[in-house]
Amino acid sequence: MSRKTANLNALAILDRRHPPTAVDRAARSAARQQMEVAELICAARERAGLSQRALAKRVGTTASVICRLENADYD
């Protein structure tokens, strides 16, 4: 199971166990969007055959920045 699948499953379980309020729905929607963006960045980098360090060098940043972008939990 990928990290994305695990995170989306966790959000689905949370939705079932604790019906969301309007504020919760907005926060959960934002969390889902963050996960999708993180997964897209990671997948594109991997398809290009680049390490985080190589991608960082190409775009003029550090590997830690790329790591944070690929981490959906990072705000």
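What follows is a walk through the chain, from its confidence values to its helices and its cysteines.

The model is predicted. Across the chain the average pLDDT is 86, and 87% of the residues reach at least 70. Confidence is not even along the chain: helix 1 (residues 3-17) has the lowest mean, 74, while helix 3 (residues 52-59) has the highest, 97.

Helix 2 covers residues 22-47, which makes 26 residues. At 1.5 Å a residue, a helix of that length should span 38 Å, and the C-alpha atoms at the two ends are 37 Å apart, so the expected and computed spans agree. Which residues of helix 2 are buried? They are Arg 28, Met 35, Ala 38, Cys 42 and Arg 45. In reading such a list, it helps to know that an α-helix has 3.6 residues a turn, so residues three or four places apart point the same way. Just after helix 2 comes Gly 49, whose phi is positive, at about 75 degrees.

One of the buried residues of helix 2 is a cysteine, Cys 42. Cys 42 counts as buried because its relative accessibility is 12%, and the cut-off for buried is under 20%. Cys 67, by contrast, has a relative accessible area of 37% and is therefore partly exposed.

How many disulfides does the structure hold? The number is 0. Cys 42 takes part in no disulfide, and the nearest cysteine sulfur to its own belongs to Cys 67, 9.8 Å away. Why is there no bond between Cys 67 and Cys 42? Their sulfurs, at 9.8 Å, are too far apart for one, because a disulfide needs the two sulfur atoms within 2.5 Å.

How values were computed: Residues are numbered from 1 along each chain as its sequence is written. This is a predicted model: local features need pLDDT of at least 70, side-chain atom pairs count only at pLDDT 80 or more; totals for chains, interfaces and linings use all residues. Side-chain values use heavy atoms; hydrogens and water are left out. Helices (H or I, at least four residues) and strands (E, at least two) are DSSP runs, numbered from the N terminus. The expected span of a helix is 1.5 Å times one less than its number of residues. Buried means under 20% relative accessible area, exposed over 50%, partly exposed in between (1.4 Å probe, protein chains only). pLDDT is the predictor's confidence in each residue, from 0 to 100.
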